[in-house]
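Open the model in a viewer with residue selection and secondary-structure display switched on. The stops below say what to select and what is found there.

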Amino acid sequence: GVRRDSAMATAEQPQPPRGLAEGAEPDPGSGYEPVVPHWFYCRVTGGRERWVPFSSQDSERLEEAYSSGRAQEEVVVPTSGGRYDVRLRQRQRLAVYWEEAAAEVRRCTWFYKGDKDNKYIPYSEAFSEELEEAYRIAVTQDEWKKKLESPSREVIILHNPKLMVHYQPVGTSDEWGSTPTEQGRPRTVKRGVENIAAEIPNGEPLQIDHLVFVVHGIGPACDIRFRSIVQCVNDFRNVSLSMLQAHFKKAQEQQQIGRVEFLPVNWHSSLHSTGVDVDLERITLPSINRLRHFINDTILDVFFYNSSTYCQTIVDTVASEMNRLYQLFLQRNPLFKGGVSIAGHSLGSLILFDLLTNQKAAPEDEQSAEGSRTTSSNRGVEEVKEVLRKLELSEYCDLFEKEKMDRQALFLCMQENLKEMGIPLGPRMKLLNYISSQKEMQVCFLQGLGTPNTHRCLLNPVWVSPEPILCQVSANYPQLNYKPSIFFAFGSPIGMFLTVRGVKRIDPNYSLPTCKGFFNIFHPFDPVAYRIEPMIVPDVEFEPMLLPHHKGRKRMHLELKEGLTRMSVDLKNNLLGSLRVAWQSFTRSSLPALEAASTDPELEAEPGAEKQPDTKAEEPPPAGKEEPPPINVGRLNGGNRIDYVLQEKPIESFNEYLFALQGHLCYWESEDTVLLVLKEIYQTQGITLDQPLPGSQ
């Protein structure tokens, strides 16, 4: 039987013996070297199992714990940057920060090729030991053609060090009804992870410099492939690791930086576990079933957020989950000294914005602000005096000062209040008319009013009617246990929601109470995204900042598009004297269009801006002198620009509508987005990119 099997294997699989014969493995008899184990875990997706190797550093750590002889104790080894724990005795991999089914873990030494996708599958640890023992005897005694039977009656034959084959059992014909050829089809067997071409992931730097919480938008799926927030944040983190290697190499080599940790915050499941799904099921019509269920699962989250009952559930869940994750992270990383930032996608960014606008500044901030507060209240009284002078009612100044009436209090005044103060009917009507005319303007000062921790209204206009109609749903906003450094909004509808709530303008002096940075990042075709800057500077039209491409320059098709636009502009203006000038006009570097002060890309075509495309545009060209001064977009992002637009890919500009949904879900794998996040985070620590990207501030 052995000889027939051997002949069959050689006939059916001629490659292994020939291809591997030149391999540098020890000659039989030249001594046996134990196999080097590598640890794997089993990932189950869609009912299919896939064995994934741990990184080399994780595998070494697991092997060290295994070899320490404490296998019978309850040994827990943190892996994957501390996001998963491996319980060695149970051979289980468990998620630390989120809920996920436990995965089987295996110490792997021997593998066989699977049927379906040609991926190698590890044998059980016990059977691998049997195989290793048989291999050891075969090598030391130079006796091959060894035949072993696996626990499932499958036969493995070690023909020689290069050719080891696994035959499936030949069952009786009525057992499975399969043909003998199917039963006897051999599978390749390999010893040691180095022989199976497994992609062993690079480990992550141990040092964590900064923590970022990521809050998802509507529905349980976060991208076009219907993946969860955990999977999408995993992608974002992986892209960040490769961006650090590509753009922060100097800082990494000098060991100035480690990495940034991104942790997902899930609120959808707790909202939909309130029993509301069952109630919705009862009233959902049976027609167009799938579409209705999709709407119930996703778009309804927006309506939930606008309902006081569920809005409270959502903000409580997001805040308590972020606080829980923060505490757990500090417990597990006691030496962590870095800052915390937060990022929200879609509706998630609106939830975070509402939470941030309702945070209270820390006591030390309040003390430092005490002096400025008294001066500001004095200034408020002066402002009221100014209003009274304007209305020719200066004689009532003392009365208003005595009542400690500042500008904000004035706008809360109603007819009865003025009457109580003893102001006659005429002046009273003048003041009320002034208040209502200001009310028309609805300039937003983003200040919550009400009890210290409960805000009736997220963004109060300078006037407040007795019952604000267009304000945010009444909710008790929980406080976060930390002050975020930066808030990143991806594909965010914040601007639209503020407008619908009746806010027409954001005061340029407004900044979030506990968070100094705010970036609004969007894809040009994202149907859910809206800008913020025009709400701060309504009178000036200007473009959002173009996010630099992570490889520098603009995407080729955008340069082409702008080159052609410039050429047509130049032709119209009869500026082209010769083909040489036309060619210069076409190849002129379009990088100045990315500068912070940029307005409209088409307007950048100044004759002075001619440059060859391969020259670096580190400093602005002479044409920069003629540009308008940089736009002041207020203090919401510490005086820096807020709106950043991604560059679309060539295929996307082919059909904007087709890529609209993809535009809303593209942020997780966008290198440009990740690089901006890393650049801004590390800038807070005084660490910059190896090479400044064109157009970055």
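**Stop 1: Phe490**

Select Phe490 and, leaving aside its neighbours within four places in sequence, show its contacts (heavy atoms within 4.5 Å): Phe236, Ala343, Gly344, His345, Ser346, Ile521, Tyr667, Thr673 and Val677. Phe490 lies in strand S19; helices (H or I, at least four residues) and strands (E, at least two) are DSSP runs, numbered from the N terminus. Phe490 is buried, with a relative accessible area of 2%; buried means under 20% relative accessible area, exposed over 50%, and partly exposed in between, with a 1.4 Å probe and protein chains only. Add Gly217 to the selection: Phe490 and Gly217 are 273 residues apart in sequence, and their C-alpha atoms are 9.6 Å apart in space.

This is a predicted model, in which local features need pLDDT of at least 70 and side-chain atom pairs count only at pLDDT 80 or more, while totals for chains, interfaces and linings use all residues. Residues are numbered from 1 along each chain as its sequence is written, and side-chain values use heavy atoms, with hydrogens and water left out.

**Stop 2: the whole protein**

Zoom out. The protein has 26 helices and 23 strands. Of its 697 residues, 49% are buried. Taking contacts between residues at least 6 apart in sequence, 69% join residues at least 24 apart.

**Stop 3: the parallel sheet**

Now select the sheet that holds S19. It is an open sheet of 7 strands in the order S14-S13-S15-S19-S21-S23-S22, with parallel pairing; two strands pair if DSSP finds at least two bridges between them. Strand S14 (259-265) and strand S22 (545-546) are at the edges, each with a single partner strand, so one side of each has no neighbour in the sheet.

Within this sheet, pick strand S15 (residues 339-345) and strand S19 (residues 486-490), which run parallel and are joined by 4 bridges. Which residue of S19 is the bridge partner of Ala343? The partner is Phe488.

Next add helix H26, which packs on the sheet and touches S13, S14, S15, S19, strand S21 (517-522) and strand S23 (643-645). The direction of H26 makes about 170 degrees with that of S19; axes are lines fitted to C-alpha atoms, for helices over the stretch in contact, and angles run from 0 to 180 degrees between N-to-C directions. Helix H7 lies across strand S13 (208-215), S14 and S19, and runs at about 170 degrees to S14.

**Stop 4: where H7 meets H26**

Keep both helices selected. The axes of H7 (residues 229-247) and H26 (residues 671-683) come within 9 Å and cross at roughly 65 degrees. That makes H7 roughly perpendicular to H26, a class that covers 65 to 115 degrees, with angles under 35 counted as roughly parallel, over 145 as roughly antiparallel and the rest as oblique.

To see the contact, show side chains on both helices:

- From H7: Phe236, Val239, Ser240, Met243, Leu244 and His247.
- From H26: Glu671, Thr673, Val674, Leu675, Val677, Leu678 and Tyr682.

**Stop 5: the antiparallel sheet**

Move to the open sheet of 6 strands in the order S8-S7-S12-S11-S10-S9, where the pairing is antiparallel. S8 and strand S9 (146-149) are its edge strands, and each pairs on one side only. Neighbouring strands here are turned by 30 degrees against each other on average, direction ignored.

Start at the S8 edge. Strand S7 (residues 110-113) is joined to strand S8 (residues 120-122) by 3 bridges, and the two run antiparallel. Lys113 stands opposite Tyr120 in S8. The hairpin of S7 and S8 has 6 residues between the strands, and there Asn118 takes a positive phi near 60 degrees.

On to strand S12 (residues 186-191): 3 bridges join it to S7, and the two run antiparallel. Lys190 in S12 is the bridge partner of Phe111.

At the other edge, S9 and strand S10 (residues 155-160) pair in the antiparallel sense over 4 bridges. Leu148 has Ile156 in S10 as its bridge partner. Show helix H4 (residues 125-141) as well: it lies across S7, S9, S10, strand S11 (163-167) and S12, running at about 170 degrees to S9.

**Stop 6: two loop residues with positive phi**

Select Ser80, in the loop between strand S3 (76-79) and strand S4 (84-87). Its phi is near 50 degrees, a positive value in a residue other than glycine. Ser80 is buried, with a relative accessible area of 15%.

Finish at Ala197, in the loop between S12 and S13. Phi of Ala197 is near 50 degrees, again positive in a residue other than glycine. Is Ala197 buried or exposed? Ala197 is exposed, with a relative accessible area of 72%.
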